Structures are given as structure tokens and as C-alpha cells.
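Please open the model in a viewer and keep the selection panel at hand. The stops below are meant to be followed in order.

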Amino acid sequence: MFSKSFIAGLTSLILATSVSSQGLYSKGSAVLQVDGRSYQKLVAMSNQVSIVEFYAPWCGHCKNLKPEYEKAAKGLKDLAQVVAINCDDELNKPFCGSMGVQGFPTLKIVKPSKKPGKPIVEDYQGARMASGIVDAVKSAIPNNVKKITDKGLSNFLENSDDTKAILFSEKGTTSALMKVLALEYLGSITFAQIQNKETAAAEKFDIKEFPTLIVLPGGDKEPVKFEGLYKKDAMKDFLSRYASPSSQAGSQEKQKPMGKKPEKASKEDAVKSEEAASSFSSASSSQASAEASEKAAGATSVTLEEESNPTESPDPIASPDAPKPAVIPDQPEPIPVLLEQKYLKEKCLGAKTSTCILALLPDVGDEEVFPDAANAALSSLAEIADKHVKRESKLFPFYSIPTRNTGSATLRDAFKLGGEKDFELVAVNARRGWWRRYGAKNYDFHSVENWVDNIRFGEGPKEKLPESLFGKKEEEAEPATPTHGEL
């Protein structure tokens with residue numbers, strides 16, 4: 001006779017499988033949904049940067065990511081494609097396997113390369129938060145906008161036959177929107193940006209306001225000034241009038257590879273593809289079974305305690321020729337990273353924010369390897385957070401703060417902690433005005449969990465938050481900025 005836990009687990013797995021074809025995202029979602037066939041045209045051949053989520057509808061972590069991923073899609077509107085593919089769909093499994101997917105969710109950033117149809121694909125390892133995803137994708141957009149000074153203007157204007165677009169701006173940095181436009185018109189229009197301090201260049205083109213976008217159509221034609229709203233659609237309508245038809249945005253979809261016809265896939269490639277698909281299917285099944293078992297265990301914990309005659313589970317009967325499934329450990333999600341001070345303030349240092357655990361990361365320079373203490377602490381925090389997610393119990397958030405976040409130095413100074421070379425673990429509660437430092441030498445799971453539990457239950461000493469962490473109210477308000485940053 002099967003145990004109740006086995007039946008519950010089997011039921012969960014069947015229910016998960018039955019809804020797998022429905023996917024996580026609705027037709028009205030800002031997330032672009034593709035399959036193994038449309039990926040090539042919509043993503044690989046695109047001249048836009050994309051972030052692609054490989055997911056399964058039954059995956060708990062995928063469901064947790066969904067609201068943040070949809071929020072990121074709205075934040076990246078007109079800048080990049082936010083894409084999702086359902087790897088639990090039978091038609092997509094071979095493709096997901098060929099992309100090296102071995103667990104869910106897997107996120108990859110896809111950037112166009114010089115070879116149409118062969119983009120650069122990188123794993124996204126950042127925080128599973130909208131802010132982290134948006135920042136990472138914006139950073140991945142190639143910058144083909146040249147920065148021109150008064151001295152360099154004549155060299156830039158030398159080849160007068162080429163069509164050029166120049167943005168005169170108060171900003172020294174290039175906005176994501178300008179990078180996107182330069183990428184979409186690559187090979188058709190050469191883009192440049194000139195800061196307002198370059199007065200000679202501004203006078204040459206009679207620029208009185210900033211930002212101002214002009215196009216130099218080439219030849220003897222006069223410069224043309226853009227008079228519309230600085231939004232992508234309006235700017236593209238203007239630029240498209242001067243772009244050569246063969247090189248306008250989206251042309252990469254029409255390009256054909258030059259030279260010899262592509263050779264047919266070899267038998268060796270076919271075998272590798274089959275192996276990848278098989279490995280993916282096994283890994284997917286293992287993760288699905290593990291999640292179903294966890295749900296079943298949680299759902300039947302009370303019932304199992306009441307069983308008076310527990311029996312030993314029978315050994316499974318398997319064919320001796322059956323391939324062994326790939327076993328993938330259920331790795332906990334890394335804790336989110338707060339890259340900028342505004343996010344730290346929003347999440348943990350606002351007047352109404354509650355308890356946060358903050359891991360202040362050390363400055364490791366070019367080594368890119370954290371010391372053992374930092375790695376152990378981050379691992380322990382990830383395991384603790386994952387434990388509470390699976391239990392569906394409430395827990396205050398954990399964040400890691402890199403040194404590039406200026407809030408890290410502010411906290412170290414206010415709390416009189418070690419320098420940027422040291423790892424620190426602190427808890428803060430801005431609403432109640434206290435903070436607490438982790439004092440143990442070891443960062444193993446049990447030590448960190450005990451410290452976290454003490455905070456949960458209000459045990460142990462706390463210190464008053466320094467007033468230096470909070471400025472005046474009028475200083476706290478940040479000026480509103482356009483969606484894509486000021487030009």
C-alpha cells in the first residue's frame with residue numbers, strides 16, 4: 001500500500017505537469033514569450049539586447065521571480081527585450097537542453113554580435129529583483145555613441161558623406177536610450193554626443209537648449225534639428241528619414257550569411273544535441289520531483305505523525321538498462337544585491353522600513369574573489385532564506401551591499417566598522433531606530449541562523465541608529481527622472 005505522502009507527491013507532480021503547457025505569463029504580459037523556433041528570429045537575429053528566462057511553470061523559484069521579471073520588463077520598455085521560454089513544453093525541451101539549461105529559472109543575457117544570428121550569450125548571476133535585472137541589462141547594451149569635444153569635432157566631421165546624428169546634452173554619460181538607437185542604426189547613422197561645456201561645437205550648430213538632437217544628412221545638405229519629444233518612437237521616426245533603407249533598425253533579421261552555404265549538422269553534433277536534450281530532461285524531472293516531494297511533505301506533516309504503523313518504502317524497480325538521471329543539487333538562490341544607495345534607502349533605511357540583514361561586501365579589487373568569511377556568510381544567508389521560502393514562513397529580507405554602493409561606506413562610517421577590505425554583517429531597523437552587528441568569528445550555517453533567530457525573537461542587545469544616517473526630509477526626496485534617464 002502506498003503511503004499518503006507518496007500519493008500526495010504524485011498528485012502534485014501530475015497537477016504540475018497538467019498545467020505546464022499553460023506557461024507562467026499571460027498574453028497581455030510585458031514579457032515576450034518565445035519558443036524554440038521563434039527564438040532564432042526574435043532574439044538571436046535581433047539587433048536588440050535581450051534577457052531570456054528559461055523556466056518551468058511548476059518551479060517555485062520561477063513563480064517567485066515572475067512579479068519581479070514582469071516589473072523589469074516594464075522598466076526596460078524600448079530599451080531591451082525581456083523574454084521567457086517554457087522549458088517544460090515538450091517542443092522546447094531540446095532547445096533548452098542545447099542552451100545548457102540544467103535548472104530553473106535560468107537567466108541569460110543575449111547581445112547582438114558582428115555575426116548575424118550568432119549572438120553573445122552570457123549567464124545572468126545577479127539578484128532576482130527587478131532593479132538588479134534592469135541595471136544588468138542596461139549595462140550590457142553596447143555603447144556605439146562617440147563622445148566628441150571641441151578639439152575632436154573637425155575629425156568627426158571629416159567624412160561629410162556619412163549620415164551623422166549628434167546629441168548635445170548637459171550630461172557627460174550616455175543614456176541607455178541613445179545606446180539603443182545607435183545600436184539599431186549601426187552601419188547607417190554614426191552617433192555622437194557633445195556635452196554643453198564644449199561651447200565651440202554648440203556655437204557652430206547654433207545650439208541654445210539642451211538636450212538637442214541634430215542630424216547631418218551628408219553631402220551639402222544642411223543640419224536638421226529634431227523638434228519632437230525625446231521618446232524612442234518619435235526619435236526613430238525622425239532618424240529613419242535619413243537612414244539608408246538597407247541598414248535601418250531591424251535589418252539584421254533580413255541579413256543572410258555571406259560565403260558558403262552553412263554545412264549540415266554532423267552526426268557528432270546531432271549526438272551532442274541529443275545528449276544535451278536527454279541531460280536536460282533528466283535534470284528537469286529531478287527538480288520537478290524534488291519540488292513535488294517538498295510540497296507533499298509540507299502538506300502531510302500532521303497526517304504522517306498520526307500514522308501508527310509506518311512501513312518501510314519498497315525499493316523502486318528499475319530497468320537495468322535505464323539511464324541514470326542527472327542529479328542536480330537544489331542550490332538556494334543567492335541573496336539579492338543592492339547596487340545603488342537609493343535602493344538601500346528604499347528597502348532598509350527609509351522612515352517606515354523594518355528589519356533588514358545587510359552583508360557589507362569587502363573590496364577585493366581585481367581579484368574578484370571574496371575571502372572565506374564572506375563566502376561562508378553569503379552561503380549561510382542563502383540557505384536560511386531558502387529554508388523559510390520552502391516553509392512559506394515570513395522572514396525579513398537579506399541583502400548584500402557591494403562597495404560600489406556608496407551606502408556601504410556610509411554604514412561603515414556611521415557604525416564605526418572596519419574598512420572596505422573587511423566583511424561585515426549587520427541588522428538594521430530604521431522604523432524602530434536600532435542596529436546590531438554580528439559578533440561571532442565563524443559564519444557557518446548554525447551560527448548565522450542562531451543570530452538571525454535571536455533578532456526574530458527580539459533577543460540580544462541592540463544599538464541606537466546614528467542620526468547621521470538620516471538627512472533632512474527635504475534632502476531625502478530625489479528629483480523625478482524620465483524612464484530612460486535624461487539625455
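The tour begins with the whole chain and then proceeds to selected elements.

**The whole chain**

Display the complete protein, which is a predicted model. Colouring by secondary structure brings out 16 helices and 15 strands. Of the 487 residues, 41% count as buried. Among contacts with a separation of 6 or more, 76% are made by residues 24 or more positions apart.

**Helix α13**

Next, select residues 372-391, which form helix α13. This helix has 20 residues, and the distance from its first C-alpha to its last is 29 Å, close to the 28 Å expected at 1.5 Å a residue.

Which residues of α13 are buried? Show the side chains of A374, A377, L378, S380, L381, A382, I384, D386 and H388, for these are the buried residues of the helix. An α-helix has 3.6 residues a turn, so residues three or four places apart point the same way.

Against which elements do the buried residues of α13 pack? Add two helices to the selection, α3 (60-75) and α15 (445-456), together with the strands β11 (355-360), β12 (398-401) and β13 (424-429); the buried residues of α13 pack against these elements. Before leaving the helix, centre on E392, the residue that follows α13: its phi is positive, near 60°.

**Where α3 meets α5**

Keep α3, already selected as a packing partner of α13, and add helix α5, residues 130-140. The axes of α3 and α5 come within 8 Å and cross at roughly 45°; the two helices are therefore oblique to each other. Their crossing is right-handed.

Now show the side chains at this contact. On the α3 side, select L65, E68, Y69, K71 and A72; these meet A130, I133 and V134 in α5. Sorted by class, the contact comprises six nonpolar and two charged residues, with no polar residue.

**E463 in strand β15**

For the last stop, centre on E463, which lies in strand β15, residues 463-464. Is E463 buried, partly exposed or exposed? Its relative accessibility is 47%, so E463 counts as partly exposed.

Which residues does E463 touch, leaving aside those up to four places away in sequence? Select G433, W434 and W435 to see these contacts. A distance label between the C-alpha atoms of E463 and G433 should read 8.4 Å, although the two residues are 30 residues apart along the chain.

Terms used
Residues numbered from 1 in each chain as written. Predicted model: local features only at pLDDT ≥ 70, side-chain atom pairs only at ≥ 80, totals over all residues. Heavy atoms only, no water. Helix = DSSP H or I, 4+ residues; strand = E, 2+ residues; numbered from the N terminus. Expected span 1.5 Å × (residues − 1). Buried < 20%, exposed > 50% of the residue type's maximum accessible area, 1.4 Å probe, protein only. Contact = heavy atoms within 4.5 Å. Axes fitted to C-alpha atoms, helices over the stretch in contact; angles between N-to-C directions. Parallel < 35°, antiparallel > 145°, perpendicular 65-115°, else oblique. Left-handed = near helix turned anticlockwise from the far one by under 90°. Nonpolar A, V, L, I, M, F, W, Y, C, P; charged D, E, K, R; others polar.
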